[in-house]
Structure formats: structure tokens, C-alpha cells
Amino acid sequence: MSETLSDVVPTVVEAAKSLVARIRAHNPRVHCITNTVAQAFTANVLLAAGATPSVTTSPEEIAGFVATAGSLLVNLGTLDNERRTAIGLALDAAAAQSRPVVLDPVFVDRSPARLAFARTLIERRPAVIRLNAAELAALAGEAASAKCAMRFAQANETIVALSGEADIVTDGERLVVLHNGDELMSQVTAMGCAGSAFVASALAVESDRWLATAAAMMTFGIAGEFAADIANGPGSLGFAILDALHGMTPDMILQHAWADA
């Protein structure tokens, strides 16, 4: 909490410069309860960044998997009964081992039942909630904005990572606006889901959860820009972003970081 406004962006850039190297060095395993559409791409993004994915939702196995993971992703897409059960068991195991949790409340704006379920999960204080404007508006009960994100983060003692044309990351006190990324990323299914998993991998190697989230969002956006530069469309971008993450260097971050505080 010690950064001044002028310190915020350099602090995030410095953290982003070393993030992928730290993930490669520690090779954290991220347990992902994610939707059926996103599983393969999410796993490939984590592998490209130097982390290890696991994705079981088996009630007999999940507590053991989460207890020995570096972090947990809970994505509410394709929310069936098996996933509901798995999420409760996983959160119990994560809490027992003090593992950070990223909640991705996919489409809570489309389903009252899913919105109610998400609210019960937020009461369990996930480290990060990564969501879009419609999802934040549904959860907060007001139009999404930077001030809304700050209030929601403060009220729920979490980090809000609000994705959009520019991404906002706030813990209710600190806030950074991230401009990296490419609109073509939104045309690749599961891109946001995989980005949430990448945030979870950052939480496993950086104890400052706001900084970890901001650095991960910046790095993922820059990887998307490099991928878009060589892609012929969304199909090739989906592969190219894996290569960009795999080859990410501090210079790529330094030359392309674009943020405001």
C-alpha cells in the first residue's frame, strides 16, 4: 500500500518484467475448475507460461489436488452439478492450505441461479475476482466503472480485475488501468478464461496479490499484441499467443507496457 500514484505503473512494469521467469523457475501447479470449452486452451496457456495445470473435478480427488497446488481457479462456465460439488470441496481445501483463489464468474449476468451461487463464493473471500463489465454490474448492482470496481473490491476484501477495452485492477485502494491487448483476442473462445488461469499462476509466485494480478494482466495483454501482429485471424492467434507467452522476455514487457494510474 506504500506506492504513490507515480510509483504504481513502474512497480507493475517491474513485476511484469520478471513474472514469466518467476513462473518458469517455480513451475507452480494451478488447479483449474473451468468450463468444458476452456479446459484445453487454459492448460496450454499455463504450460506455455511455465506453470503446470490440473483440471480434475472428481469429488474423490479434488481436495488432494488443490491441497498440493500453488493456487486455484474457479470458473463458473458450464456450471453443472459436478462442478458445483467440486467447487465447494476445492474451496475448503484451498482455505485449509491458505492457497489463493481466482474466481471467474462467467455469465452471472445471464443466470439468476449462477449469480446467487457466485455471491456465496464471494463470501468466502477469493483473492481475485476477474470479470467483465456486465458481470460486475450484476454482482455490484450498479453500472460498472472504476469507482464501482474499487467499492466492490473494498467491500469484499478482494482484488477486482475488470476486463474491457482497457483493463482495471484494483484492491480498493490501489488502481491501475492497463491498455495492452488486441481486440482479436475477444474472438478466441476461452481467451479470458485462460487469462484468469494465468493470473492464478502469478498469485502462486507473488505474495502481493494486487501486484501479481496487474502484472499478469499486463503480460497477457502484451502476449496478445505480439500474437495479433503475426496472426492471420483468431485461429492462428490462439496458437501464436502460446508462443508469445513461451518466449516472453523482460524487453518485450519494457518496450510494450502501456498503463495509467
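The exercises below, each with a worked solution, concern a predicted model.

Residues are numbered from 1 along each chain as its sequence is written, and side-chain values use heavy atoms, with hydrogens and water left out. Local features need pLDDT of at least 70 and side-chain atom pairs count only at pLDDT 80 or more, while totals for chains, interfaces and linings use all residues.

**Exercise 1. Place Thr 34 and list its contacts.**

Step 1. Find the elements on either side. Helices (H or I, at least four residues) and strands (E, at least two) are DSSP runs, numbered from the N terminus. Thr 34 is in the loop that runs between strand 1 (29–33) and helix 2 (39–49).

Step 2. Check accessibility. Buried means under 20% relative accessible area, exposed over 50%, and partly exposed in between (1.4 Å probe, protein chains only). Thr 34 is buried because its relative accessibility is 0%.

Step 3. List the contacts, meaning heavy atoms within 4.5 Å. With neighbours within four places in sequence left aside, Thr 34 touches Gln 39, Thr 42, Leu 73, Asn 75, Arg 83 and Cys 193.

**Exercise 2. Describe strand 8 and its pairing with strand 7 and strand 9.**

Step 1. Start with the side chains. In a regular strand they alternate between the two faces of the sheet. In strand 8 (residues 175–178), Leu 175 and Val 177 point one way, Val 176 and Leu 178 point the other way, and all are buried.

Step 2. Take strand 7. Two strands pair if DSSP finds at least two bridges between them. Strand 7 (residues 167–170) is antiparallel to strand 8, with four bridges. Val 169 is opposite Val 176 of strand 8.

Step 3. Look at the turn. Four residues separate strand 7 from strand 8 in a hairpin, and Gly 172 in the turn has a positive phi of about 100°.

Step 4. Take strand 9 (residues 259–260). Strand 9 is also paired with strand 8 in the antiparallel sense, over two bridges. Val 177 has Asp 260 of strand 9 as its bridge partner.

**Exercise 3. Compare the surroundings of Ser 98 and Glu 157, each with a positive phi although not a glycine.**

Step 1. Recall the background. Most residues other than glycine have a negative phi.

Step 2. Take Ser 98. Its phi is about 55°, and its place is the loop between helix 4 (81–96) and strand 4 (101–104). Ser 98 is exposed, since its relative accessible area is 59%.

Step 3. Take Glu 157. Its phi is about 50°, and the loop that holds Glu 157 lies between helix 7 (146–156) and strand 6 (159–163). Glu 157 is exposed, at 60% relative accessibility.

**Exercise 4. Which residue forms a salt bridge with Asp 208, and which parts does the pair tie together?**

Step 1. Apply the criterion. A salt bridge is a side-chain nitrogen of Lys or Arg within 4 Å of a carboxyl oxygen of Asp or Glu. The whole structure has nine salt bridges.

Step 2. Identify the partner. Asp 208 pairs with Arg 174, with the closest N and O atoms 3.0 Å apart.

Step 3. Locate both ends. Asp 208 lies in the loop between helix 8 (191–203) and helix 9 (209–230), and Arg 174 in the loop between strand 7 and strand 8, so the pair ties together parts that are 34 residues apart in sequence.

Step 4. Extend the picture. Asp 171, Arg 174 and Asp 208 are joined into one network by salt bridges that share partners.

Step 5. Check accessibility. Asp 208 is partly exposed at 22%, whereas Arg 174 is buried at 10%.
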